[in-house]
Amino acid sequence: MNTPLLYRLLDTDPAAGPAELLHRARAGRHLPHLVLSALAGDGVRMGEAARAELGRARDRVARYRRLAAGLARSTGVRAIRGLPLAGYYPAGLLRPLHTLDLVAPDEAALWQAVIRLVTDHPVEHIDVSLLGERPHHTAVTLHWPAEDPLVDPWYRVHVSTAALPGDGRGVPVRPFLVADEHVECLIALAESRLGEPGPPPGPLTLLDVAALTGLPFEAAETAAVVAAYRLAPEVAALLDHAAEHVPLGPLAAVRAALAPELAAEHRRRGETPAARRVPARHGALLRRTVIRHSWGEARLLGHTPDTCLLLTPVADYLLAPAADAVDTPTPATRTAALDALHHWDTLC
C-alpha cells in the first residue's frame, strides 16, 4: 500500500503529479484524506489548508476511537467494519472513516449506547430501522455536525443488534460475528457488497483488501467461516476484483478454497421462499422525547392495520409496512400518529 498504488486505483498518470492525484481523489468524499496522508508520508510539500484538512481528518478518526473505547467499557458494544480495518493500514496512512459502526450484544446495550451519545454530543438526527422479525433486530444511526459542517462530513455513528443485516431476501440477518478480527474485516467488506449487482468495488474497498493481504489467513478455515456467514459469492467476487489491482497473498488460497461453496450458496438463496423475505422497516420520526432512562427496549404500539408506532428511549417513530419504501408520512398520517401518541401519554 503506497502512493503508486493510489495513482493506479485513481487512474492518474504519475507524471501529472500529486495535485492531480488529489483532484481525482476529491470525486470521493473521504479519499482526499487518505491521499493527503500518503503524500504527507512521502514528504510532499503542502500548505496550511491541506495540513489543516488532514489534521481534522486524523482528529475525526481519533475521536471515533475514543468513542468506541468508551462505549465498549460502559455498554459492551464493539466496533466492526471501518475502525478495525483502519488498524491494519500502514502507520501514517489514514483510512478515512465516514461512519463508526458498532454492534451491541442486545437491545438494552444498544439503547444505553444511544442514550450516552445523545447525552454527550449535539445529535441532530436519529434514524431507526427494524431488521427481520420474531424477534426483530434494531439499528440506530445518529448524526451530528462536525466542527466545520460546510467543509467536513458530519459525524455518523451506527449501532445495531445485528452484526450482519443481510439483504432482506435470500440472506438473513446474522446477529453475531465471531471470528479472528482480520477474518471479521473480510466478512464485513463482503457484507457491504451484498444485494443486487452493483458497480465494481471502489478504491477504498480495494485498499481495504490490500491492507488484509499480509495477514495470516488460513484458507480452509476462512472459507468455512465465510460460507457459514452466507457470503461465499461476495467474498469470491471481491477477491477477484482485487486481484486485478493488488497481489492477494494468503487471500489467493482463500479464494481457491471458496470455489466449492459458491453453487451451494446460490442454490440456498434461490430456494428462499418469498414469504420468508423480510425487508427492513424504517421509522419516520414523529418527535424527540425526554430521555427515558428506565427503558431497556423500544415498544411497538399498533396504530393502523398497516402501520405501528415505535417508541424508543430517545424518540418516537411511525413504522410503515416493510414493503413500503416511502419513509415520509403524509401530513394526515403524521397528525393521526401524533394524536395516538398524545393519547398514549395520557395513559402513562
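This presentation covers helix α8, a buried arginine, the aromatic pairs and two backbone angles in one predicted model.

Good morning, colleagues. I shall begin with helix α8, which spans residues 203-212. Eight of its ten residues are buried, so α8 is largely enclosed by the rest of the structure. The buried positions are T205, L206, L207, D208, V209, A210, A211 and L212. What do these buried residues pack against? Their partners are α1 (3-9), α3 (31-41), α5, α7, α10 and α11 (251-258).

Of these partners, let me take α10, residues 232-243. The axes of α8 and α10 lie 10 Å apart and cross at an angle of about 90°. The two helices are therefore roughly perpendicular, as angles from 65 to 115 degrees are classed that way. Which residues make the contact? On the α8 side they are T205, L206 and V209, and on the α10 side L238, L239, H241 and A242. Sorted by class, this contact has five nonpolar residues, two polar ones and no charged ones. I would add that T205, L206 and V209 also appear among the buried residues of α8.

I turn next to R174. This arginine sits in the loop between β5 (155-160) and α7 (181-191). Is R174 buried or exposed? Its relative accessibility is 8%, and because the cut-off for buried is under 20%, R174 counts as buried. Two polar contacts of its side chain deserve mention. One runs to the backbone oxygen of P172, at 2.9 Å. Another joins the side chain of R174 to that of E191, at 2.5 Å. Leaving aside residues up to four places away in sequence, R174 touches A162, A163, L164, P165, G166, E191, Y229 and L231. E191 thus appears both as a polar partner of the R174 side chain and in this set of contacts.

Now to the aromatic residues. How many aromatic pairs does the structure hold? There are three. In the pair of W144 and Y155, the ring centres are 5.6 Å apart and the planes meet at 20°, so the pair is stacked. W144 belongs to strand β4 (residues 137-144) and Y155 to strand β5, so this pair ties together parts that are eleven residues apart in sequence. Both W144 and Y155 are buried.

A further pair, W295 with W344, has an edge-to-face arrangement, with 6.1 Å from centre to centre and 90° between the planes. Here distant parts of the chain are linked: W295 lies in the loop between β6 (281-288) and β7 (299-302), whereas W344 lies in helix α13 (residues 331-347), and 49 residues separate them. W295 and W344 are both buried. Finally on this topic, W144 and Y155 are joined by Y64 in one aromatic cluster.

My last topic is the backbone. Which values of phi do R81 and R230 adopt? For R81, phi is near 65°, a positive value in a residue other than glycine. R81 is located in the loop between β1 (78-80) and α5 (82-86). For R230, phi is near 70°, again positive and again in a residue other than glycine. R230 is found in the loop between α9 (219-228) and α10. With a relative accessibility of 15%, R230 counts as buried. The loop holding R230 leads us back to α10, the helix that packs against α8.

Thank you for your attention.

Terms used:
Residues are numbered from 1 along each chain as its sequence is written. This is a predicted model: local features need pLDDT of at least 70, side-chain atom pairs count only at pLDDT 80 or more; totals for chains, interfaces and linings use all residues. Side-chain values use heavy atoms; hydrogens and water are left out. Helices (H or I, at least four residues) and strands (E, at least two) are DSSP runs, numbered from the N terminus. Buried means under 20% relative accessible area, exposed over 50%, partly exposed in between (1.4 Å probe, protein chains only). A polar contact is a pair of N or O atoms within 3.5 Å; within protein, one must be able to donate a hydrogen and the other to accept it, and residues adjacent in sequence count only if both atoms are side-chain atoms. Contact means heavy atoms within 4.5 Å. Axes are lines fitted to C-alpha atoms, for helices over the stretch in contact, and angles run from 0 to 180 degrees between N-to-C directions. Angles under 35 degrees count as roughly parallel, over 145 as roughly antiparallel, 65 to 115 as roughly perpendicular and the rest as oblique. Ala, Val, Leu, Ile, Met, Phe, Trp, Tyr, Cys and Pro count as nonpolar, Asp, Glu, Lys and Arg as charged, and the others, Gly among them, as polar. Rings of Phe, Tyr and Trp (its six-membered ring) pair if their centres lie within 6.5 Å; planes under 30 degrees apart count as stacked, over 60 as edge-to-face and the rest as tilted.
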